[in-house]
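Visitor: Can you walk me through this one? I'd like to hear about empty space inside and greasy spots outside.
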Amino acid sequence: MRVIHSIGTPYFSSVMLFDDVVRVLFPTAPWITRGEAANFGVFMHDFWAMLTRWDSDEKIYMRECGSKPGMAVKFESPDGDKHPYALFRKLYRTWHVKIASTALKFVTVNEKQTHCTMNALTVLSKMLPIYPSTYKVFNILNIRCDALVKREKGPNGNSRTALGLLADQ
């Protein structure tokens, strides 16, 4: 993904790929195996680190994205207008919220979806140094994870399950 974007592959829309990863691929994470979830979490970490780098500074964005065909506003004209930095930042925030809302659907105190919850937490734990990048999202996820930890401890407060340990990260 990074290489295809950096070499300026014509008719390869980086923006569409980023959008599809967040809107199509990320929501499927709860239904894959635990190992696949860990691998997907590493992928999401690298993916989000790249987007965060571009979001952090307009000069970096312009140097690494400003002239690339993958950032074209219209897919049909890769040499045409590119997404301006302000629009990219807006897309970045939208993707951030989409990942959070998808994760929150599965990081709930629901005993019937333990596998889905484990996978969502596995992916999020691999993204931890980079994501979430806003205090509000961090706080909401933290509250949900605390509720999971309390539920998994049980009435005596001693029993620890894999789900409880993962949520405690």
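Guide: First, a term: helices are DSSP runs (H or I, at least four residues), numbered from the N terminus. This is a predicted model, where local features need pLDDT of at least 70, side-chain atom pairs count only at pLDDT 80 or more, and totals for chains, interfaces and linings use all residues. Residues are numbered from 1 along each chain as its sequence is written, and side-chain values use heavy atoms, with hydrogens and water left out.

Visitor: Where does Tyr 11 lie?
Guide: In the loop between helix 1 (2-6) and helix 2 (14-25). Tyr 11 also joins Met 16 and Phe 75 in a nonpolar surface patch of about 330 Å². Patch members have over 30% relative accessible area (Shrake-Rupley, 1.4 Å probe) and no salt bridge (Lys or Arg side-chain nitrogen within 4 Å of an Asp or Glu carboxyl oxygen); nonpolar side chains are joined within 5 Å.

Visitor: Now inside. How many cavities of 30 Å³ or more?
Guide: Two. A cavity is a set of points on a 1 Å grid where a 1.4 Å probe fits but cannot get out; lining residues have an atom within 4 Å of a point.

Visitor: What lines the largest cavity?
Guide: Tyr 11 and Phe 75 are among its lining residues, as are Pro 69 and Lys 74. The lining has six nonpolar, two polar and one charged. The volume is about 40 Å³, the space filled by probe spheres set on the points.

Visitor: And the second largest, which element gives the most?
Guide: Helix 5, with three residues. The lining includes Phe 26, Phe 106 and Leu 124. By class, it has seven nonpolar, one polar and no charged residues.

Definitions and conventions:
On a 1 Å grid over the protein atoms alone, a cavity is a set of points where a 1.4 Å probe fits but cannot get out, and a pocket is an open set with protein on both sides within 12 Å along at least five of seven lines; lining residues have an atom within 4 Å of a point. Ala, Val, Leu, Ile, Met, Phe, Trp, Tyr, Cys and Pro count as nonpolar, Asp, Glu, Lys and Arg as charged, and the others, Gly among them, as polar. Helices (H or I, at least four residues) and strands (E, at least two) are DSSP runs, numbered from the N terminus. Patches are made of residues with over 30% relative accessible area and no salt bridge: like charges are joined within 9 Å, nonpolar side chains (Val, Leu, Ile, Met, Phe, Trp, Tyr) within 5 Å.
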